[in-house]
Amino acid sequence: ILTTNHQAANLLGYHQETLIGKTFQDFITPEERGKHQAQVEALLASDAAPIYETRLQTATGEATPVEISAVLVHEPEAKKGARYIQSIVRDITHRKEAELALHHYAERLQMLHKIDQAIISAQSPEKIARAALKRIRQLMPCSWASVVEFDPNTDTIKVLATRVDHQTKLKTGFLTPLESFTQADLTEPSPTIFHDLTTRPELSPIQRMLYLEGVRTLLNAPLSVQGQFTGALLLGADQAEAFTEDHIEIATEVATSLALTIQQARLHEQTQQDATTKASLLQEVNHRVKNNLTAIIGLLLAEQRYTPSDGLVYVEAMTERLTHRIQGMVAVHEMLSASEWRPLPLSDLATEVIHTTLHALASHNIAVEIAPQPVKVDHKQASSLALILHELVSNTVKYAIRPTEVEDAIPPYRARITVEIASNDENITLIYRDNGPGYPADVLQMTRHDVGLYLIQRLVKKNLRGTLSLSNGDSKTGAITEIHFPSHTRSQL
């Protein structure tokens, strides 16, 4: 039985006198009475002191959440040891509201996290927009949602994605002029919301289109990066006053993530497109350079065919030498093209150029020894080294071929070429050896004047910015050419 408690009357909204003679059970909401009765029976059976929550029905019919702390009181002096329950009832409305708000906020953060994950995992701007719209409709009461993007090149706005409960003209891929939006939609940094389109004296073309499709509340959250407008997140509801301040905050957060991620996707697309264009142009340039080099060889041969007989012997020798040099340039150009003009391993370059030159000179009986090394050279160095190696190999073929009966020859080979490559942090060393008779004295003193020696000296000094030394070994090592030059990382500074 309730006593005439003033605080209880205020809590329940009754006059204090109306509580007299009422039981506590009378004010428990119907759906909570079974739970309350179970707590009372447990208290009587175990003499425990429970603390539990229930809901009381007020005079206005509302249910007020309360917390009950109950204790069983014994009266030993009373007849038959009477007992009664003494309870403290606390209004926990504010606490429940806070808990509910916290729960909703946690759900909101979880959903926003899922939106961010979906946005990040998507690749194209269209997929990013679709992923965001799918999730945001679980957070907001919108019957229509769309992401649009502004194209500054055409002054149009394109619909990247749309999710709607009914038919709409604003479908994915729809293009509309920039004038379809109001100036505020395009320049206002904060979201704009129209709580009831029916009360608007004037509607923009987009607003009018959505109004005819049943949209009454319209929220425009701009997409902007560093203050530049890039698009908008548009959300519509078929009822007026459908969006709260909390909904506006959610839309703003999603729009921020969308703007940044779509921009990154566009930059990625542009990078891929630029890379494809660059590769196509590079392939075309490589093809033309190779064709031009081949055309030069054709011109040389054509000149040779029409040379008078009295000078043919000189022209043939010159044409052959030039043709072989150009073929060496073609070989290194093909290697550089295949590597997309990235640095080449010097041992691979030497192997390719030496074998190409031997093949062009029809010298297949020369042994070649090149130890693979990780040393690399850039494309400029590669071109110069290819010409140098070509001249050295030509010199070996011309002077180092030896009869097969010579003891140090390796049957069926009649000569040997050995290339050694080494490097430190700053310089690269290339040593070229053959087992021929060695360099003549005038070559060692660099007083002989011929095209081959001139090319080697000039390429080492001017192009490689290196040093050249010539020497002779014993009878089994022949001519030795040693070149020192800066590594490609240093030479490019």
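Modeller: A residue is called buried under 20% relative accessible area, exposed over 50%, and partly exposed in between (1.4 Å probe, protein chains only). The model is predicted: local features need pLDDT of at least 70 and side-chain atom pairs pLDDT 80 or more, while totals for chains, interfaces and linings use all residues. Residues are numbered from 1 along each chain, and side-chain values use heavy atoms, without hydrogens or water.

Colleague: Why is R137 called partly exposed?

Modeller: R137 has a relative accessible area of 23%, and because this value falls between 20% and 50%, the term applies.

Colleague: What makes R137 and D165 a salt bridge?

Modeller: The term requires a side-chain nitrogen of Lys or Arg within 4 Å of a carboxyl oxygen of Asp or Glu. The closest N and O atoms of R137 and D165 are 2.5 Å apart, within that limit. The pair links distant parts of the chain, 28 residues apart: R137 is in the loop between α4 (125–136) and β4, and D165 in the loop between β5 and β6 (175–177). Helices (H or I, at least four residues) and strands (E, at least two) are DSSP runs, numbered from the N terminus.

Colleague: Why is D165 called exposed?

Modeller: D165 has 54% relative accessibility, which is over 50%, so D165 counts as exposed.

Colleague: How do you know that E53 and K96 form a salt bridge?

Modeller: Their closest N and O atoms are 2.7 Å apart, which again satisfies the limit. Because E53 lies in strand β1 (residues 51–57) and K96 in helix α3 (residues 93–121), the pair ties together parts that are 43 residues apart in sequence. E53, at 27%, is partly exposed, and K96, at 28%, is also partly exposed. E53 and K96 belong to a network of salt bridges that includes E67, R90 and R95. The count of salt bridges in the model comes to 12.

Colleague: How do you know that strands β8 and β9 pair?

Modeller: Pairing calls for at least two DSSP bridges between two strands. Strand β8 (residues 217–225) and β9 have nine bridges, in the antiparallel sense, so they pair. One of the facing pairs is S224 with F229 in β9. Strand β4 (residues 144–151) also pairs with β9 in the antiparallel sense, over six bridges, and V147 stands opposite L233 there.

Colleague: What makes strand β9 mostly covered?

Modeller: In β9 (residues 228–237), eight of its 10 residues are buried.

Colleague: What makes the phi of E241 notable?

Modeller: Most residues other than glycine have a negative phi. The phi of E241 is near 55°, a positive value. E241 is found in the loop between β9 and α7 (245–305), and at 57% relative accessibility E241 counts as exposed.
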